[in-house]
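Reader: Hey, can you walk me through this model? I'm new to reading structures.
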Amino acid sequence: MKIGDKLPNIDLAATGEQTINLAKLKGDNVVVYFYPKDSTPGCTTEGQDFRDNIKAFKKLDCIILGVSRDSIKSHERFKEKQEFPFDLLSDPDEELCNAFEVIKLKKMYGKEFMGVERSTFLFNKKGKLTNEWRKVRVKGHVDEVLEAVKQL
């Protein structure tokens, strides 16, 4: 996925007993953010930051979608507990993760493993990728994304 690419034509299970196809979201600005795991500290904070700014994103006709490899059941619990006003997509087969190249070699406690690198992608109303953030640090990130949406 590179700047100028279109929203991928991939169907994924989402919270609220639905299937979402990203390519069908043209007409709205779309933020797709990838995070490693439901209910972990950084992922919770990032989701809360998007939640707390949702009105500003909605005023800009912007849809927020969170993506991880967790199950829909896990996503439903996470969304309900944190009161997220946006959907979470489940990507256990890493189809979307691979399309965005967010599966990377990571190290934790001296062990190496393949995991989701925290990343965010912004698509304009024509469905084209305009901005990407990789190796995201949570603090201040949502503010940066909101500013980019305002520039569209």
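Author: Sure, let's start with a helix. The cover over the buried residues of α3 includes α1, β4 (62-68) and β5 (87-90), with helices (H or I, at least four residues) and strands (E, at least two) taken as DSSP runs numbered from the N terminus. This is a predicted model, where local features need pLDDT of at least 70, side-chain atom pairs count only at pLDDT 80 or more, and totals for chains, interfaces and linings use all residues. Residues are numbered from 1 along each chain as its sequence is written, and side-chain values use heavy atoms, leaving out hydrogens and water.

Reader: Which residues of α3 are buried?
Author: In α3 (residues 72-82) they're Ser74, His75, Phe78, Lys79 and Gln82. Buried means under 20% relative accessible area, exposed over 50%, and partly exposed in between (1.4 Å probe, protein chains only).

Reader: Why do they line one face of the helix?
Author: Looking down the axis of α3, they fall within an arc of 130°, so they sit along one face. That arc is of the directions from the helix axis to the C-beta atoms. An α-helix has 3.6 residues a turn, so residues three or four places apart point the same way.

Reader: And what's exposed on the other side of α3?
Author: Lys73, Arg77, Glu80 and Lys81 are exposed there.

Reader: What follows α3?
Author: Glu83 does, and its phi is positive, near 55°.

Technical notes
Contact = heavy atoms within 4.5 Å.
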